Amino acid sequence: MTHEFGVVDAPDAAVRAAAEARQAQLTKPGGALGRLEELGNWVAACQGACPPKQFERARVVVFAGDHGVARHGVSAYPSEVTAQMVANFLGGGAAVNALAAVAGATVRVADISVDADTDPVVAKHKVRRSSGSIDREDALTADEVQAAFAAGKAIADEEIDAGADLLVAGDMGIGNTTPATTLIATLTDTEPVVAVGRGTGVDDAGWARKVAAIRDAMRRARPVVKDPVELLRVAAGADFAAMAAFLAQAAARRTPVILDGVVVTAAALVAEDLAPGASAWWLAGHRSTEPAHNLALQRLRLDPVIDLGMRLGEGSGALTALPILRAAVATLADMSTFAEAGVSTAELATESETPPLDLRK
C-alpha cells in the first residue's frame, strides 16, 4: 500500500481538561448547556487552545462520482443527474450552497469520477469516468485506487494549506448509497436486508434490486475485508477512496471534520482503518434515514449532533449542524466567568447551616 497514514495523535487532552474547567466557571449552572459544552470542549482540544477560536474558514468539499451499478436499477434517478448537479453546485443553486451560506462556510466541488466532462475548475483531480459496477466487477484498478488516494490527500492538503480550520465532507453521485451500504454491511457483518435503505427514493422493486446488488457486491468484498485499500478498489469507487484519504489526511494534520451522511460515513469507516485514531477528529453532523448510517455511526462511536430525517447528501446534514458547533464555540469562548461578571456562585448549605427536616413531627 502506497498511502500509509499511520496512527493519528488524539486531540489535546490537557486542553480538553482546561475547557472542562472553564465550563465550570462560566455564568451558568454546571452542565446547563448540555451537549454544547461537550462540543465546545472538543473544538478546544482539536485547536489546542482554550478558549477556542470561532471558525474563520469552514470549507465544504463535495466529492462527486458515478457508479456503474446505477445502470442496474438501484436508484430512482439516472446517472446523468450527477453531472447536472455538479453544474448546479457551481451555479450556487443546490441545498449545499444555501446551507453553507447560512452556516458561514464556502463550497468546493471535486469531480473524482463523474461519468461526463465537467468544468475544468472541478476536474483537477479526476481519476476516471464512473467506477465499475461493484456487483459484477471491480470498482477500480490498482493504479486508479492509488490515484484516488493521492487526490483525496492532495485536496485535504490544499484546503488546510489555504487556511481551512474546519472541513465538511459531502458527496454527490447517483447510485452511491449502494457502495456505501456494501462497505458498511461488510465491515459490520450485517445482512443486506437490514442495512439497505431507499436511497434517492426507490420503489419496492428498486429496493429489491438494490438488495440483490449489495448482496453480490458483499460476496466480492468479503475476501478483502481486512485490507482497506483493496476493499475500496473492489467494492467502492474512486470517490470513496478519495474521501477516505481526505478524512485520514485531515486527521493527520489535526484539522476537525464534520461528517455528513451514509456515503461519507462509509468512507470514514475505511479511513479509520487506514489511520487508526482519525475518528477522534471527526464529528457526526447528523443521523441519516439510511439504516446503514446508524450502523456506521455505532461502529465509529460517533453521536450525531442532529436527527432531522435528512437523506440528501451533499454535506447538507453536516452544514445544518455547523451553526450548533459555532454556538458551542461561542459559549465557551465568549461567556464571562463568575469572577469576571461579579456573579455569586451557589454553594450547598451544610448540615450546620440548615437542620435536616424531621419527618416524624
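The following exchange concerns the nonpolar cores and the pockets of this predicted model.

Me: What makes the set of 109 residues a nonpolar core?
Reply: A nonpolar core requires buried residues of the nonpolar kinds to be joined through side-chain atoms within 4.5 Å, and the largest set that meets this has 109 residues, with L232, F240, L247, W282 and L325 having the most contacts inside it. Helix α10, residues 238-252, gives the most to this core, namely twelve residues.

Me: Why is V15 placed in a second, separate core?
Reply: Because membership depends on side-chain atoms within 4.5 Å, V15 belongs with L26, A44 and L332 among the five residues of a core that is separate.

Me: How do you know that L232 is in contact with F240?
Reply: Contact means heavy atoms within 4.5 Å, and, with neighbours within four places in sequence left aside, the residues that meet this for L232 include F240, A241, A244, F149 and V270.

Me: What makes N176 a residue of the lining of the largest pocket?
Reply: A lining residue has an atom within 4 Å of a pocket point, and N176 is one of the 26 residues that line this pocket, being listed with T200, R311, L312 and G313 as the closest to its centre. The space in this pocket is about 480 Å³, and its lining divides into ten nonpolar, eleven polar and five charged residues.

Me: Why are four residues in the lining of the second largest pocket called charged?
Reply: Asp, Glu, Lys and Arg count as charged, and the lining includes K53, E56, D165 and R254, so the class has four residues, beside two nonpolar and two polar.

Key
Residues numbered from 1 in each chain as written. Predicted model: local features only at pLDDT ≥ 70, side-chain atom pairs only at ≥ 80, totals over all residues. Heavy atoms only, no water. Buried < 20%, exposed > 50% of the residue type's maximum accessible area, 1.4 Å probe, protein only. Helix = DSSP H or I, 4+ residues; strand = E, 2+ residues; numbered from the N terminus. 1 Å grid on protein atoms, 1.4 Å probe; cavity = no way out; pocket = protein on both sides within 12 Å on 5 of 7 lines; lining within 4 Å. Points joined across faces, edges and corners; volume = space filled by probe spheres on them.
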